[in-house]
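Grab your viewer and work through the exercises below. Each one sets a task and then walks through a solution.

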Amino acid sequence: MSSNLLKASIIFSYSISQAICAALPAAPGSPRRSRMAARSIALSPDGSGLYVPQGEKSINVFDTEQGALTGTYPLNGSPCGLLFHPSRPLAFVFNDADPFITVWNLQTYEASDEIPVSGPQ
């Protein structure tokens, strides 16, 4: 991937995440949209869903064709990113301050496993 294409992809991803943040309601009693702690977004392999880890123990899923929020799904941990399995309906959800990666079933939208991880010793 060329450097210019990579930069354009990053700018585009940032713009989409900012638009999503602006579209969601603010936390009760908050003048800002601080409840939205999106740090990343991921487009499903088939392009039908946009997944936004929240860092507040949930992931928002948006329908890309309708541009609508289709659900907010709870998870253990503080999700900050995810990676889709290349051939199975699974996503690996990376957690910010938690020592595990959540294996998330994309058919049931539930955690199917947690993989423990640790940093440098």
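## Exercise 1: Around W104

Set aside the neighbours of W104 within four places in sequence, and W104 is in contact (heavy atoms within 4.5 Å) with Y51, I59, V61, Y73, L75, P89, L90, A91, V93, Y109, E110 and A111. Before going on, keep in mind that this is a predicted model: local features need pLDDT of at least 70, side-chain atom pairs count only at pLDDT 80 or more, and totals for chains, interfaces and linings use all residues. Residues are numbered from 1 along each chain as its sequence is written, and side-chain values use heavy atoms, with hydrogens and water left out.

**Task.** Work out which residues make up the largest nonpolar core.

*Step 1.* Pin down the term: a nonpolar core is a set of buried Ala, Val, Leu, Ile, Met, Phe, Trp, Tyr and Cys residues joined through side-chain atoms within 4.5 Å. Buried means under 20% relative accessible area, exposed over 50%, and partly exposed in between, with a 1.4 Å probe and protein chains only.

*Step 2.* List the members: A42, Y51, I59, V61, Y73, L75, L82, F84, A91, V93, W104 and L106, 12 residues in all.

*Step 3.* Map them onto strands (DSSP runs of E, at least two residues, numbered from the N terminus; helices are runs of H or I, at least four). At least two core residues come from each of β3 (58-63), β5 (79-84) and β6 (90-95).

## Exercise 2: Strand order

**Task.** Find which strands sit at the edges of the open sheet.

*Step 1.* Get the overall layout: the chain has 1 helix and 8 strands, in the pattern α-β-β-β-β-β-β-β-β.

*Step 2.* Trace the sheet. Its 4 strands come in the order β1-β2-β3-β4, with antiparallel pairing; two strands pair if DSSP finds at least two bridges between them.

*Step 3.* Read off the ends: β1 (42-43) and β4 (68-74) are the edge strands, each pairing on one side only.

*Step 4.* Check β1: 2 bridges join it to β2 (residues 49-53), and A42 has Y51 as its bridge partner there.

## Exercise 3: Aromatic pairs

**Task.** Classify the ring pairs Y51–F84 and Y73–Y109.

*Step 1.* Set the rules: rings of Phe, Tyr and Trp (its six-membered ring) pair if their centres lie within 6.5 Å; planes under 30 degrees apart count as stacked, over 60 as edge-to-face and the rest as tilted. The structure holds 5 aromatic pairs.

*Step 2.* For Y51 and F84, the centres are 5.2 Å apart and the planes at 75 degrees, so call that one edge-to-face. Y51 is in β2 and F84 in β5, so the pair ties together parts 33 residues apart in sequence. Both residues are buried.

*Step 3.* For Y73 and Y109, the centres are 4.3 Å apart and the planes at 15 degrees, so this pair is stacked. Y73 lies in β4 and Y109 in the loop between β7 and β8, so parts 36 residues apart in sequence are tied together.

*Step 4.* Zoom out: ring pairs link Y51, Y73, F84, W104 and Y109 into a cluster.

## Exercise 4: Y109 up close

**Task.** Is Y109 buried or partly exposed, and what is its phi?

*Step 1.* Y109 has 23% relative accessibility, so it counts as partly exposed.

*Step 2.* Its phi is positive, about 55 degrees, although Y109 is not a glycine. For background, most residues other than glycine have a negative phi.
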